[in-house]
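Hi,

Here's the structure I said I'd pass along. Have a look when you get a minute, and my notes follow underneath.

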Amino acid sequence: MKNDRAPISFTVNGAPVSVSAAPMRRLSSVLRDELGLTGTKVGCDAGDCGACTVMLDGEPVCACLLPMASVEGAAVRTVEGLGGDGLSALQASLLAHGAAQCGICTPGILVAATALLERNASPGEAAVQEALGGVLCRCTGYRKIVAAVMEAHQHIPGRVPDFSLPPAGHAVGASPVRLDGVAKVTGAEKFGGDSFPADALSVLVVRSPHHRSAFSFGDLEAYVADNAGVVAVFTAADIPGINCFGVIPPFADQPALAEGETRFRGEAIALVACESWAARELDLARFPVQWRELPAVMEPAAAQATGAALIHSSRPGNLLVQGVVEHGDAKTALANAAVVVSGSFETSYVEHAYIEPEAGYAFVNDGVLTIVACTQAPHMDRDDTARILGLAPDKVHIVPTATGGGFGSKIDVSLQPLIGLVALKTGRPAALAYTRTESMASTTKRHPASMQATIGTDADGMIRGMIFAGDFNTGAYASFGPTVANRVPVHASGPYATPNYRANARAIHTNGPVSGAFRGFGVPQATLMQETLYDELADRLDIDRLQFRLQNALRNGSETVTGQRLETGVGIIDCLAALEPHWRRALAEAEAFNVSQVGVRRGVGIASCWYGCGNTSLPNPSTIKLGITPDGKVALHQGAVDIGQGSNTVIAQIAADALGLPLGDFVLRGADTSITPDAGKTSASRQTYVSGKAAEKATRTLREKVLRYANVSAEASLQLLPGGLLLVHEGGERRRIDLALLKPDGDGLVFAAEESYDPPTTPLDAKGQGKPYAVYGYGAQIAELEVDMALGTVRLVKITAAHDVGRAINPLLAEGQIEGGIAQGIGMALMEEYIPGRTENLHDYLIPTIGDVPPIETILVEVPDPEGPFGAKGLGEHVLIPTAPAILNAIRHATGVLVTKVPATPSRILAAIQEARR
Amino acid sequence: MTRYAKPKTLEEALALLSEGSWRIVAGATDFYPALGSRPLQQDVIDINGIAALRGVAETDSHFIIAARTNWTELLRTPLPPAFDALKQAAREIGSIQIQNVASVAGNICNASPAADGVPALQVLDAEVELRSRRATRIVPLDQFILGNRKTILREDEMVTAVRVPKAATAGNSAFYKLGARRYLVISIAMAAARVILDGEGRIATAAVAVGSCSAVAQRLHRLERDLAGQPPEFIERIVGSVTFDELAPIDDVRGSAAYRRAAAREIVTRALVQAAGASDRRAAA
């Protein structure tokens, strides 16, 4: 009767197994840790995300909620058992539809959908939504998942389908299945927590329960001695290097382990390293630490008040950075404007809520510390970890695993220095997978913003001036606060000609969670302010809201608010024009609907975006290396981390066409700091543009080398044959290069090239004038929705999105980015509000489910930018910027009231409706 | 080391309960989230081995939902239309993955103010069967749940069934859940209604309950009395005329107290209109 291990027999994917496990141990833990079936993912351990969905006797269940005792005698099916030798029809369909991005939710989606398809081979959309309502996806926006399940019956099961890759010269603009896709649908993909060595120590992290707290330790040696299986405890005193990290080195201020005082709830203070069996039995509540809670400052206004305690003594007024852009004379322009509107807007902390909590392991070999973990920025991880641990950067080796979503938060280091410290100090591998709560409490968030703005036009509705001021709650540490403060003033005008302008954005410290990078770096917040005021202006002017935007939109030759003259590639007018027929239809439908309905009002909203790709006025290089191997492949050393967005595929497509060889000749290497040069971080919508450009340059150099070797002209074409033959054709001539006879370099390449690209920008002066970005992307979206006037609930009807991507290198992946960004925009608009200490899980913190994302129509606009590879611009962040303001504008259109705080929950919407009625 | 027991019979389980403090686990869908990453610190009785506690049975006087019956099993059981509210609630409990293991009885034992099953069971006048080695007692659901996460369950007792008297299975019922997203969501508020019409189409009897607007979901007896004898067309007006004194909503992350008061009135109306088979002149959300 003891809760002791006992043999439990069951079948997994048809094969009988017997494991010795405690009866109340979760099935998910046994599948992953005892049976090595890591295809079943753990996203929350609470039934909130569905990533661990398996079938138990044919019914989908959450493996994280299933005691091993309940598995005795049962048949369990996991993602690994769905395909047999090839892929199941559903797996093939998911791949073909681009319905797996990062892939972390994919196993849960596959299992839940398979249970449906085995009952109903060709389900309708409603049935698919019902079946998948319990699996959260943060990347795709679900639409491609719905389509893939509905059309699964069109695929033939049991074999790997022929996903033929485009021929030479036709990779760019094609939508081949993602090159890293098959492993994502079979469960074979290894994410941060999927390859822990069996002998690794488990690392547990002791974290602050208070927003601000002093602390002191009890007898740590006695704690180690008294707890079986605990090997060591480490605190800040054990850190050999500089206990301070940060994504922007001059602002680095965050300790890996706090010293004496914590500045936010969830901050780490100590590590417990123990045997993995002991980790399951250890209650961190008994860790010897005394906390003394200190008064905390949670709001920027309070942090700015005179006499407020300083979060960092070196930052008076708790001001981290203030960004300013000033152009013309905004004050005078507004004084002379014919129509002027003013407003204020507030946003909340938003959690990235990737379904993969941070995870990884570290080990030391030959004096080199290797960290195998999910990440968005391997080279930054290396440098920060090396500094904290007192190692030379070349003594730290970062091996990124597949990353189960990032969206900005996996740029900052999280567990890397922690597991690194344990591995370094103990000499044993050290592994750590954050719990959901730990991930949510300790990692970065989107900045809450409190903004005011005034915008004025002349009598014809041409923008004359704008003043914007925003306070951004940057939380306890700097992270990307400076980036947000500097990027917001550049973008707060929206993609509109604004001759007189003054904008400032302040990043202000509080004892809240650290605000960092999150898809858009503050621009989504600022755009809510600007685009909602634009609707008010259009209404006051009695101009159609789309026409108002069209007439003010930037065009080639326009000057931005930083005084940058945009010579070419400005696509916002094209985006708005592409939306015009949809806009007219939507307005007409809404009008008709509202005549016939009582209690529910249909509304239509529109909003635009622009977004500079890459760092703001700072160096931002990418380096790409590639070459030809003796066996006749093109090895692409691809360091632009693919966190689901598709850089593994897109960079290869660019290289393929630049080289003139088919995509099928390419093999990917990396990202890994020991073999791939630094392609920068996956952020700022820069990988397709910046790393893509570096790949294009490197490839052209490689091609020149080959042509020179073959002594042919630039017109020659290349062909790789099996067995290591390179054929060079020119005119009727054919030269044959036997690659195996050439001497390979240290990378095993017989022809190789490496090139860097850094966007040509200029610094901003004291008034924020200059050329902050070399390339901008543009977009606009229409939201159609219904508001229940008695409940304040919103039902989205459709989103239509037109985005200027310059050149769609891979249209399917671009659509995937758009749909996924829209889903995050929906969450920001309607439901996402992170409250430290209160919503540290995925049932109190809500992200959209499959039932919350309406049909999305994507219009890819291609206005090439000569700076980008094949004319391409960035896209990743642009896509969520217009969504929330379009939704808020649609709610206003439906109800007559603007909700000025997001998320616009039913409670807030109804309050606004009732307030307006008074 | 904590203790674990998986009895095969009810008698065995009751014997264990009589000699110690145990945590009873069935579907475990509330158990594990509450446990989080901490180690197990309670002795556990796993009742999933007790075959007799599964399924829905019908006696002369009652429908008896045995303690292990999960929401999917309930959904798949043919039951009179009065159970429609409960079945609609069943489809809203967590996700299908949750419904496949979470038990009806567990939903009431967990005693969350936001338990979706409770209002739907309340309008069925559900009773809870509690058994210990010493005695069996049957108490109305309203008396079983005392407050937020509090029930009258004694240490030596377990819930063996949720019983619905046949007298309460006349008429039609409906359930309305209000949440901030479509699936997998904790209710901001929810309402269940059961309506019996007389021969002339008037409301003979109405049962109404609202959840998430007080520590324990509440029957709205005053409203029920006012509805008796009235035509369904008057539902909205009558609901509008009654103060919902039974409710004591709070402000939380899901909505304000004021919002809950306003929304409760609205969803009660909608549930009643649907249960009465009347046409709602307004489209549902």
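To start with something to look for: which strands of chain A does helix 3 lie across? Keep in mind that this is a predicted model. Helix 3 covers residues 106-117 of chain A, and it lies across strand 3, strand 4 and strand 5 of that chain. Against strand 3 of chain A, helix 3 runs at about 35°.

Those strands belong to an open sheet of five strands in chain A, ordered 2-1-5-3-4, and the pairing there is mixed. At the edges you'll find strand 2 (15-21) and strand 4 (59-62) of chain A, each of which pairs on one side only. Ignoring direction, neighbouring strands of this sheet are turned by 40° against each other on average.

Inside that sheet, strand 3 (residues 53-56) and strand 5 (residues 75-77) of chain A pair in the antiparallel sense, over two bridges. If you want a spot to zoom in on, M55(A) stands opposite R77(A) in strand 5 of chain A.

Further along there's another one: an open sheet of three strands in chain A, with the order 27-28-29 and antiparallel pairing. Its edge strands are strand 27 (717-721) and strand 29 (733-738) of chain A, each pairing on one side only. From one strand to the next, the twist averages 20°.

Strand 27 and strand 28 (residues 725-730) of chain A pair in the antiparallel sense over five bridges. Here L721(A) stands opposite L725(A), a residue in strand 28 of chain A.

Cheers

Conventions: Residues numbered from 1 in each chain as written. Chains lettered and ligands numbered in written order. Predicted model: local features only at pLDDT ≥ 70, side-chain atom pairs only at ≥ 80, totals over all residues. Pairing = 2+ DSSP bridges. Helix = DSSP H or I, 4+ residues; strand = E, 2+ residues; numbered from the N terminus. Axes fitted to C-alpha atoms, helices over the stretch in contact; angles between N-to-C directions. Contact = placed C-beta atoms within 7 Å.
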